Amino acid sequence: MTTMAEPEPRSRLSFQWPGRGKLIVGLLVIWLVLGALLRGKQTLSLAPADLTGLHRWFNDLDDSISANRNSNPVFLYFFNEIRLVIDHLVVFIQGLIAQPAYGRPVPVIGWLGVVALVTFLASAFGNLRVGALALVGFTFLGLQGLWQESMDTLALTLAAVLLSLLIGIPLGIWAGTSDRFNAVVTPILDFMQTMPTFVYLAPLTLFFLIGPASATIATLIYSLPCAVRYTAHGIREVPPSSVEAATSLGATGWQRLTGVLLPMAKRTIVLGLNQTIMAALAMVTIAALIDAPGLGKTVLKALETLDVGTAFNAGLAIVVMAICLDRITTAASRRAELAGRGRAPKAWAVKARRPALLIGAIVTLFAVYLSRTYLWAAEFPSTLRNGTDIEIGSDIAKRVSIITDWVQLNLSGVTNGFKDAVTSLVIDPLQTLLVESPWWLVALVLIGLAALLGDTRAVITTVICLAVLLGTGLWQDTMTTLAMVLVATVVTIALGVLVGVWMARNRRVDSVVRPILDAFQTMPPFVYLVPFVALFAASRFTAIVAAVLYAAPVSIKIVADGVAAVSPTTVEAATASGSNTWQIITKVQLPMAREALTLAVNQGLIYVLAMVVVGGLVGAGALGFDVVAGFSQGQLFGKGLAAGIAIVALGIMLNRITVAAAHRQRTV
Amino acid sequence: MAAVTERSQTAIATAEPVVSVRDLWMVFGPKAGGVPSSPELCDLSRRELIDKTGNTIAVRDISFEVAPGEVFVVMGLSGSGKSTLVRCLTRLIEPTAGQVIFEGEDILKADQKRLRELRRHKFSMVFQNFGLLPHRKVVDNVGYGLEVRGASKADRRRRAMEMIELVGLSGYESSYPDQLSGGMQQRVGLARALAVEPDVLFFDEPFSALDPLIRRDMQNEVIRLHRELNKTMVFITHDLSEALKLGDRILIMRDGVVVQVGTGDELVGAPANDYVRDFVSDIPKGDVLTLKWIMRPPSDDDPMDGPELGPDVIVREATRVVLAADKPVRVVKDGQLLGIVGHEEILAIVAGTI
């Protein structure tokens, strides 16, 4: 009724909107019809063992680099030097806590020393609660029978974090103080963070061989942006008047930095430390693919043999470590915040602090001494002195295996039925459409979508990315991956909207759900695969479920925050004019949170893509599998590298189209 | 206020200026340096210049002098360029062209080292948003200027404590800025600026962020400090009554240009144009104008034996005398009759008809 009474402007808008929508629908219908007619023609299929010229060229490149690694000056004086330095750093930290070193049969500091040190540091920089958490958590790692693996993971993480801070903080300071540098570095950081982690492993091995150096650099690529961003952000947050006041009193640049900028940015920088550590831990576990030692390797090996029990035990260890590191650094940043505001804790706490720290330090030193002197304190014992078995890792593994077996035996009707239903009703038809249509048809549809949803730049990017995809020779694998990504993204967004709106409208739900989402986000992506392999065995479906679970927390949070940010006055006005709940959600809250919704789609896509390719480990096949196979089989190296490039091209294309779509919505 | 006005006027007459600004330009945007020297570009309006070259002129060819011990107020609405101007004086923003002569030295020619020296010893600034360091206690905030110039810890503390006492914050030296009210925070800012014993104090709208009552307290505080320390002050404000209350002389700025410079009574009594007239229209004139602004030449039938008053007596203070006398008051300076003021003139001012 209102539309009839509406004057001119509205009718012009309503002419534009459905026009675009109809065009999109029309495009999809044409695709369906043509795809059915031309099914199976010009699909650019490539058998798993087949290679294209590009793949062989990559193989040759790999061979020639291997042959000239020690004679080519670029390698001799640059890449090899970097590798050596990083290798030494990793080996040094491993020697401290993880591996036998310096002619001793055990690391420099044994388990008792490490547990004491971590507990002490957590209590000193955080609070007593996280100190207790560190004590329990790290002891638990030992009880799981994974002490050495955990310490290897920790050592690699520490090495990467150390390098991230060493490089990232100065760069962050630079980016925080120079607009020009900030403008240069931001897109680079964006790119480093949006690339699926899987992708840069292969090229890195090309330059730095398989091993700790490549693993550390891969981790560095992923965690460095956090350090740079947070430092820059913290410095930019410092009120200009404080900086100006210091300048007006004649402070030099250095005095401004050390006296004003850094102290005032400290809290944000410590928050960045938290993010850096979490990113590093996540990546270190994935770097197991290029032979990084530690828990990731245990998970990987167990996944390859479908030993769900062992994978679960190691995955649990990763989660425990993630929780410990996250809580400790969060507590530390909270303490920094309090100190930064000059809000000291209670007087007795201040007075008691110094002697307590002293006693703690003495106890810690004594524990370190013990761990260097006695074998029981150096190597985590699996039995007590009286012979009682205290190792619980194999118990956990065994129980999980029993549960898994039981589930697969008794619930397979349900789980498999669900899996098969979804696979045959949703995944297969979509995959057939994408894979069996002629390549040019799919390409034209994608370009058309880019034009309709986005802008000229999106079209250009799409064309270039499609050309790259064709060049990699992995068109069909890309389409299979794309099918999985699309299905997972649709589910992710549906979840995001449902749960996000629920959270935004109900504070109690928010306070319950948000911590769960936070917990999901601290878990390294690797771990997600384990329980779903147990439930659904290795399949495309498993990868999709894992991807949804990985991406959903991000999307849910973005939607929840976006809807919650809708002005309460508007909602009140809508209520006052008699809207029911459904009308308020669909006519007020969601439209007004449109920007958040498109951001949720964009982030959902990126997270889904990252996880879907990791799913290549558990039978999801396609590009992810090509990458994994490239690591293990020499003749497939080139194909794996090409698959990595294809993943990047796919990611850039999807990212560009959604960003452009979001931008267009905003400007319309 | 009358006392302040008279003292500074004698100071202006006798001493060399502390700060003199000559032909100062501040142009933002690309190739800003070319704008002041191009008459063609200078003739364009704000909008035209932005469209044509992307430049904005914040300060346009400004000159003025500040005498020792004077409180010089720069007043203008937001966007008039006054904050840019004060930042140019200490080169927190680099001016595009012109000269800023401070005690005989062109500050704009000083290198970074010399500039830091000047900032550390010669002038200091109080900011609108205080610019305090939240991670430092009050005493360390006040001592910051001494710290950057390398004073020992004991010296810093002693001097800072003196300043804290001077601005009336004794007992708060160990508090953190967040724990203080806005007015108290600005007292810290004031103490920090005073601690380096500057020759000139710059104030950039220091009280705009404060509540009206606290603002009044702080204005009185500045008047008190000025009386005790006799520092030269350059004070930026958008509040005309604040300008009239504090300023010996006031410079009114609009769109980067000087509209008028003068004492408060000159601005009110002889506004240079409609803009200034409109500005001062709400000011109670009796509080600002002196007798010399309202006296009229004696006519033949005026009795010449009324009471005598000086020309610089403020109207409000003369009201009672004039109304009590049944003959017009004679305005006399150095034994010479300048004019007379009768009931008519006083009532016109008090009723606000002028």
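**Entry 1: a residue in a loop of chain B**

I began with B:Val196, which is buried because 23 other C-beta atoms lie within 10 Å; a residue is called buried if 20 or more other C-beta atoms lie within 10 Å of its own, exposed if 12 or fewer, and partly exposed in between, with C-beta atoms placed from the backbone. I note at once that this is a predicted model, in which local features need pLDDT of at least 70 and side-chain atom pairs count only at pLDDT 80 or more, while totals for chains, interfaces and linings use all residues. Residues are numbered from 1 along each chain as its sequence is written, and chains are lettered from A and ligands numbered from 1 in the order in which they are written.

I then looked up where B:Val196 sits, and found it in the loop between α9 (182–195) and β7 (200–204) of chain B. Helices (H or I, at least four residues) and strands (E, at least two) are DSSP runs, numbered from the N terminus. Leaving aside neighbours within four places in sequence, I listed the contacts of B:Val196 as A:Leu249, B:Arg120, B:His121, B:Ser124, B:Gly145 and B:Leu146; two residues are in contact if their C-beta atoms, placed from the backbone, lie within 7 Å. B:Arg120 is 76 residues away from B:Val196 in sequence, yet the two are 6.9 Å apart in space, C-alpha to C-alpha.

In that loop between α9 and β7 of chain B I also found B:Glu197, whose phi is near 50 degrees, a positive value in a residue other than glycine. Most residues other than glycine have a negative phi. B:Glu197 counts as partly exposed because it has 14 C-beta neighbours inside 10 Å.

**Entry 2: where chain A meets chain B**

Since A:Leu249 is among the contacts of B:Val196, I turned to the two chains, and found 18 residues of chain A in contact with 23 residues of chain B. On the side of chain A that touches chain B, the elements giving two or more residues are α11 (240–248), α12 (253–286) and α14 (308–341) of chain A, and the largest share, six residues, comes from α11(A). I sorted that side of chain A by class and noted seven nonpolar, nine polar and two charged residues; here Ala, Val, Leu, Ile, Met, Phe, Trp, Tyr, Cys and Pro count as nonpolar, Asp, Glu, Lys and Arg as charged, and the others, Gly among them, as polar.

Why is α11(A) described as largely enclosed by the rest of the structure? I found that seven of the nine residues of α11(A) are buried, so the helix is largely enclosed; among them are A:Val243, A:Ala246 and A:Thr247. The buried residues of α11(A) pack against α12 of chain A, together with α5 (112–121) and β6 (123–126) of chain B. Just after α11(A), I saw that A:Gly250 takes a positive phi of about 90 degrees.

**Entry 3: strands of chain B**

I looked next at an open sheet of four strands in chain B, with the order β2-β1-β4-β5 and antiparallel pairing; two strands pair if DSSP finds at least two bridges between them. The edge strands are β2 (56–66) and β5 (105–106) of chain B, each of which pairs on one side only. Two bridges join β4 (residues 97–102) of chain B to β5(B), and B:Ile101 stands opposite B:Asp106 in β5(B).

For β9 (residues 249–254) and β10 (residues 257–262) of chain B I noted five bridges, with the strands running antiparallel, and B:Ile252 standing opposite B:Gln260 in β10(B). The hairpin of β9(B) and β10(B) has two residues between the strands, and in it B:Asp255 takes a positive phi near 50 degrees.

**Entry 4: a helix with two sides**

Which residues of helix α15 (residues 315–324) of chain B are buried? I found B:Val315, B:Ala318 and B:Val322 to be so. They cover an arc of only 65 degrees around the axis, which puts them on the same side of α15(B); the arc is that of the directions from the helix axis to the C-beta atoms. B:Arg320 and B:Ala324, on the other side of α15(B), are exposed. What covers the buried residues of α15(B) includes α14 (291–294) and α16 (343–351) of chain B.
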